[in-house]
Amino acid sequence: MDNFGFLFAANAFVWGGIIYYVYTLKQRSRELEKDLELLKETLSRESR
Amino acid sequence: MNQETTEESNEESYILVWLTGIVFLVAMAAIFLYVPTEQTEGPVQRIMYIHIPSAWLSFFAFFIVFICSILFLWKKEREWDIYAHASAEIGVIFCSLVLITGPIWAKPIWGTWWVWDARLTSTLILWLIYVAYLMLRAQTDAGSMRARYAAVLGIVGFLNIPFIHFSVLWWRTFHPQPKVISSEGFGKGMETSMLITLGISLCAFTLLYFLLMGQRVRQEKLKDEIDSLKREQLYSS
């Protein structure tokens, strides 16, 4: 039985899924870090 | 977060990234180059080396949700709620991969994508429970009540896992019987090369879990820090 198509599809889903999740995690972290920096700057400006 | 602690955790996460990458490369080499092709199922049987570790990872993640939820209800510390939330998200991702790779394997072997047998149906129910857990967290306002409801759901959801494990033994199902931990003994139902490949793949997925958990927990802590700064800003203005 040669079912390479199914083997390829399963691997594509797993690797695609993992890579996409890691990518969204990185994006979310970057956005949060930016927000945090901005807030800290605003607060320090306000306190001056 | 203090500077020194952040630097230390960055260093640890770099080591973990490299280690996970290397173990994954070894796992891929073992799956595609080392392990022999199974005689009856052919190359499609290699899906097992990513399907079983995905299932293991999701069950492990839900076990962490279970433990952290109990600890949250007991100690009422936000830390445990963060861990439970992070682990539930990772568990749902990998449970989704189990529900996708399973039918891809089943189509050429069983001739159908899906059958409503005990193992498949109970896994789908597990996925639905934890999707509901994430929806509950997303839809309700932050606070101790949300965390408490989520913790109860996290505990109840985990009770399904022993049922999933034993379902193939209690009922006649399409799903293959356990081969790694079987009545014949540990790994007795498998070729040594298959067992080694599966072991490496399981290690790779477990390392990936810790890597993702680190990132996800860090994110939740950043969110908390942002929220407290926003509150500070609100009170000062």
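In the predicted model, Tyr130(B) is in contact with Phe62(B), Ala88(B), Gly91(B), Val92(B), Cys95(B) and Gly157(B), when its neighbours within four places in sequence are left aside. Tyr130(B) also belongs to the largest nonpolar core, a set of 55 residues, where it is one of the six that touch the most other members. The others in this group are Ala10(A), Ile47(B), Ala61(B), Val65(B) and Ala84(B). Both chains contribute to this core: two or more residues are given by α1 of chain A, and likewise by α1 (3-34), α2 (48-75), α3 (78-110), α4 (118-139), α5 (144-158) and α7 of chain B. The largest share comes from α3(B), which supplies 15 residues.

The secondary structure of chain B consists of seven helices and two strands. Their order along the sequence is α-α-α-α-α-α-β-β-α, with the two strands placed between the sixth helix and the last one. The C-alpha trace of chain B spans about 70 × 40 × 30 Å along its principal axes. Chain B has 237 residues, of which 32% are buried. Among its contacts between residues at least 6 apart in sequence, 77% join residues at least 24 apart.

Within chain B, the pairing of α2(B) with α3(B) was examined in terms of axis geometry and composition. The two axes come within 7 Å and cross at roughly 155°. This angle is over 145 degrees, and α2(B) is therefore roughly antiparallel to α3(B). The crossing of α2(B) and α3(B) is left-handed. By class, the residues of the contact between α2(B) and α3(B) comprise 20 nonpolar, eight polar and two charged.

A further residue of helix α3 of chain B is Ile100(B). Because Ile100(B) has 16 C-beta neighbours inside 10 Å, it counts as partly exposed. Ile100(B) is separated from Lys223(B) by 123 residues in sequence, and the C-alpha to C-alpha distance between the two is 32 Å.

Chain A contains one helix and zero strands. Its C-alpha atoms fill a box of roughly 75 × 5 × 5 Å along the principal axes. Of the 48 residues of chain A, 10% count as buried.

The interface between the chains involves 25 residues of chain A, in contact with 29 residues of chain B. On the side of chain A that touches chain B, 14 residues are nonpolar, five are polar and six are charged. Helix packing across the two chains was described for one pair, namely helix α1 (residues 4-47) of chain A and helix α7 (residues 192-236) of chain B. These helices pack at an angle of about 25°, and their axes are 10 Å apart. Since angles under 35 degrees count as roughly parallel, α1(A) and α7(B) are therefore roughly parallel to each other. Their crossing is left-handed. The contact of α1(A) with α7(B) has eight nonpolar, six polar and 11 charged residues.

Notes
Residues numbered from 1 in each chain as written. Chains lettered and ligands numbered in written order. Predicted model: local features only at pLDDT ≥ 70, side-chain atom pairs only at ≥ 80, totals over all residues. Axes fitted to C-alpha atoms, helices over the stretch in contact; angles between N-to-C directions. Helix = DSSP H or I, 4+ residues; strand = E, 2+ residues; numbered from the N terminus. Parallel < 35°, antiparallel > 145°, perpendicular 65-115°, else oblique. Left-handed = near helix turned anticlockwise from the far one by under 90°. Nonpolar A, V, L, I, M, F, W, Y, C, P; charged D, E, K, R; others polar. Contact = placed C-beta atoms within 7 Å. Core = buried A, V, L, I, M, F, W, Y, C linked by C-beta atoms within 7 Å. Buried ≥ 20, exposed ≤ 12 C-beta atoms within 10 Å, placed from the backbone.
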